[in-house]
Amino acid sequence: MTYPDPAKADLHRYLQEARDALVWKLEGLSEYDVRRPLTPTGTNLLGLVKHAAGVELGYLGDTFGRPSGEPLPWLAEGAELNADMWAAPDETRDAVVALYRRAWAHADATVEALPLDATGTVPWWPVDRARLTLHHAVVRVIA
């Protein structure tokens, strides 16, 4: 993707490098290794990819009035706490990575469509602090 705004181009480059690195971490690993819980909460590598997909769809989609329509069952009422941090047995590696790639495309469309100073409202933040710019949202996702 080419942006006339050099700041937007830099942010997008760093965002894409982080995405590529996260998916690269799965390469060559067995199913056991991508699903093995590595923290007391059950977080695993495949879950981190799942979490990153939700983060991009939220911060670079919903926040700017651009919902993706992707079903995210881990956000549903009654979902298990931190269910986005691990992959359920019925969630395949291919399906989780495909969701992440669809999240990239949706987030990229937002970055392309809006100026960096566009403001959005983060639905899950307290109302008095919920406003942020696209620039801030992209930096937050990269970080």
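Modeller: Before we start, buried here means under 20% relative accessible area. And keep in mind that this is a predicted model.

Colleague: Okay, are Tyr-100 and Trp-104 buried or exposed, and how are their rings arranged?

Modeller: Both Tyr-100 and Trp-104 are buried. They sit four residues apart in helix 4 (residues 93–113), so about one helical turn separates them. Their ring centres are 5.3 Å apart and the planes meet at 75°; over 60 counts as edge-to-face, so that's what the Tyr-100 and Trp-104 pair is: edge-to-face.

Colleague: How many aromatic pairs are there by that rule?

Modeller: A pair needs ring centres within 6.5 Å. Going by that, the count is three.

Colleague: How are the rings of Tyr-59 and Trp-124 arranged, and how many residues apart are they?

Modeller: Their centres lie 5.0 Å apart with planes at 75°, so this pair is edge-to-face. Tyr-59 belongs to helix 3 (residues 45–59), while Trp-124 is in the loop between strand 1 (119–121) and strand 2 (131–133). The pair thus links distant parts of the chain, and the separation is 65 residues.

Colleague: Is Trp-124 buried, exposed or partly exposed?

Modeller: Tyr-59 has 10% relative accessibility, so it counts as buried. Trp-124 has a relative accessible area of 46%, which makes it partly exposed.

Colleague: Which residue joins Tyr-59 and Trp-124 in one aromatic cluster?

Modeller: The cluster takes in Tyr-59 and Trp-124. The other name in it is Trp-125.

Technical notes:
Residues numbered from 1 in each chain as written. Predicted model: local features only at pLDDT ≥ 70, side-chain atom pairs only at ≥ 80, totals over all residues. Heavy atoms only, no water. Phe/Tyr/Trp six-rings, centres within 6.5 Å; stacked < 30°, edge-to-face > 60°. Helix = DSSP H or I, 4+ residues; strand = E, 2+ residues; numbered from the N terminus. Buried < 20%, exposed > 50% of the residue type's maximum accessible area, 1.4 Å probe, protein only.
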